[in-house]
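Q: Hey, I've just opened this one and I'm new to it. Can you walk me through what's there?

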There are 2 protein chains.
Amino acid sequence: MSGGTKGLIAAEARRQFMAAGYAATSVRGVAGAAGIDPALVIRHFGSKEQLFLETVDVEGPFAPALEGPLSGMGERLVALVLDERMSNVLRTPYRAMIRATDSVAVRERLVAAMEATLARPLAARLDGPDATLRAHLVAAQVGGLLEALVTLEDPAVVDADPADVARYYGAAVSTLLTPPPG
Amino acid sequence: MSGGTKGLIAAEARRQFMAAGYAATSVRGVAGAAGIDPALVIRHFGSKEQLFLETVDVEGPFAPALEGPLSGMGERLVALVLDERMSNVLRTPYRAMIRATDSVAVRERLVAAMEATLARPLAARLDGPDATLRAHLVAAQVGGLLEALVTLEDPAVVDADPADVARYYGAAVSTLLTPPPG
DNA sequence: GTCTATACTGCGATAGAC
DNA sequence: GTCTATCGCAGTATAGAC
């Protein structure tokens, strides 16, 4: 992924996919910016879809939040999502991938990434019944926050005080972390 | 929206956008299925984007869940989202619109629809501080469930017992409906 | 073995003739 | 109002030059 032409194409493609999204990024535009021929992109990656899959991926940065006590984990997870410094590894690729979920490969990749970095390690930490389902529902909540914040840019959430969001939404997430009563 | 050629185009466009999504639906394909010329579609609607905006919309069917007591409202909201009978008014157009959020007009439309049918009426029902923010965070939770269920088709959620999902996720939603302690 | 040149098909959109 | 012709751009495949 480094020095060669293929690495150059990959770097440029990643930049454009993240900045402009899948539809608005063209194979020809990537080739032009990389100073090579469009056909070469296909030669190296097979298709535009494959180029996307090989250059854009989320690396759920949830590990720090999943360590430590269950108490407060909801707030820690939400704070990570809100952390601007996680934009390049979480928010931006998440948005790009959501908007490209016409492709089954893309959505399977996204589901797998969220499961591997969030749902599965979280399920291992949960007590009580239906730990797997509850962990996946936590992932759904995290996805919902990302959607409101990054995909839809809902002003009511974007302009809110992050501390308030972390407190309220974190409390709601925590509901699924503790075993249900009864 | 009925008899004329424009209505015929609209009906066919709606069908294809909902079934195949924005990118996979072509103006030419809609025209072909409607038995008319592609140029007519643009003549009547101006652009493919405008055609989408005028034919696809979510009608949040949340009103029934928002009536009645706050107690149990979370479960009622989630049950509505899970209700297969709401597919044509909620799930399917929601997925189509999410996947078309490259367009600012589409995402503004979706945010507005969720606010008008869910966040705003809900905020009016909430006690305690930050009612508006909490209502929008509920909308984010609902969006997260729709995303997992419909956009990403996460098997862990799709294949789960809807009663379990309503119970767990509904409880998490309810956390935001009751005034925070302290 | 890389890369370029060229071409094929289908797209959204426009201009102008019936 | 409707269709014809056409434009520019997209993704992709192939042939062959270095």
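Q: Let's start with Asp83(A). Is it buried or exposed?
A: Keep in mind this is a predicted model. Asp83(A) is buried, at a relative accessible area of 16%.

Q: And which side chain does Asp83(A) meet in a salt bridge?
A: That's Arg85(A), with N and O 2.8 Å apart. Arg85(A) counts as exposed, at 71% relative accessibility. The cut-offs are under 20% for buried and over 50% for exposed, so the two partners fall in opposite classes.

Q: Why would side chains like that pair up at all?
A: Opposite charges can pair when the charged atoms of the side chains come close.

Q: How many salt bridges are there over all chains?
A: The count comes to 13.

Q: Got another one in chain A? What does Arg167(A) pair with?
A: Arg167(A) forms a salt bridge with Asp164(A), and their closest N and O atoms are 2.4 Å apart. Both sit in helix H11 of chain A, residues 162–177. They are three residues apart, about one turn of the helix.

Q: Are those two buried or exposed?
A: Arg167(A) is partly exposed at 43% relative accessibility, while Asp164(A) is buried at 18%.

Q: Which residues are joined into one network by salt bridges that share partners?
A: Arg95(A), Glu153(A) and Arg107(B) are. Within that network, the side chains of Arg107(B) and Glu153(A) meet at 3.7 Å, N to O.

Q: OK, so on to the two protein chains. How many salt bridges cross the interface of chain B and chain A?
A: Three, by the rule used here. Another salt bridge to look at is Asp102(B) with Arg99(A), at 4.0 Å from N to O. This pair crosses between chains, and each residue is in the loop between H7 and H8 of its own chain.

Q: How accessible are Asp102(B) and Arg99(A)?
A: Asp102(B) is partly exposed, with a relative accessible area of 34%. Arg99(A) counts as buried, at 13%.

Q: How much area do chain B and chain A bury between them?
A: About 3,500 Å², and 64% of that is on carbon and sulfur atoms. On the chain B side, Arg99(B), Leu152(B) and Tyr168(B) lose the most area to chain A, together 19% of what that side buries.

Q: And how many residues does each chain put into the contact?
A: Chain B gives 41 residues and chain A gives 41 residues.

Q: How many residue pairs are in polar contact across that interface?
A: Nine, counting pairs where both residues have pLDDT 80 or more. The helices of chain B that each supply at least two residues to its side are H7, H8, H9, H10 and H11. H9(B) gives the most, with twelve residues.

Q: What kinds of residues are on that side of chain B?
A: They divide into 24 nonpolar, eight polar and nine charged.

Q: Switching topic: the DNA. Which residues come nearest to DNA strand D?
A: Of the 15 residues around DNA strand D, the nearest are Val27(A), Arg28(A), Lys48(A), Asp37(B) and Leu40(B). The 15 are split into five nonpolar, five polar and five charged.

Q: What touches the phosphates?
A: Lys48(A) has a polar backbone atom 2.7 Å from a phosphate oxygen of strand D. Asp37(B) also has a backbone N or O atom by a phosphate oxygen, at 3.3 Å. Thr5(B) brings a polar side-chain atom to 3.1 Å from a phosphate oxygen. As for elements, helices H2 and H3 of chain A and helix H3 of chain B each give two or more residues to the surface near strand D. The largest share, four residues, comes from H3(B).

Q: How much of strand D's contact is sugar or phosphate?
A: Of its atoms within 4 Å of the protein, 50% belong to sugar or phosphate, and the rest to bases.

Q: Last thing: how many helices and strands does chain A have?
A: Eleven helices and zero strands. Its C-alpha atoms fill a box of roughly 65 × 35 × 30 Å along the principal axes.

Q: And what share of chain A is buried?
A: Of its 182 residues, 52% count as buried. Among contacts in chain A between residues at least 6 apart in sequence, 65% join residues at least 24 apart.

Technical notes:
Residues are numbered from 1 along each chain as its sequence is written. Chains are lettered from A and ligands numbered from 1 in the order in which they are written. This is a predicted model: local features need pLDDT of at least 70, side-chain atom pairs count only at pLDDT 80 or more; totals for chains, interfaces and linings use all residues. Side-chain values use heavy atoms; hydrogens and water are left out. A residue is near a molecule or strand if one of its heavy atoms lies within 4 Å of it. A polar contact is a pair of N or O atoms within 3.5 Å; within protein, one must be able to donate a hydrogen and the other to accept it, and residues adjacent in sequence count only if both atoms are side-chain atoms. Ala, Val, Leu, Ile, Met, Phe, Trp, Tyr, Cys and Pro count as nonpolar, Asp, Glu, Lys and Arg as charged, and the others, Gly among them, as polar. Contact means heavy atoms within 4.5 Å. Buried area is the accessible area (1.4 Å probe) that two parts lose on being put together, summed over both. Buried means under 20% relative accessible area, exposed over 50%, partly exposed in between (1.4 Å probe, protein chains only).
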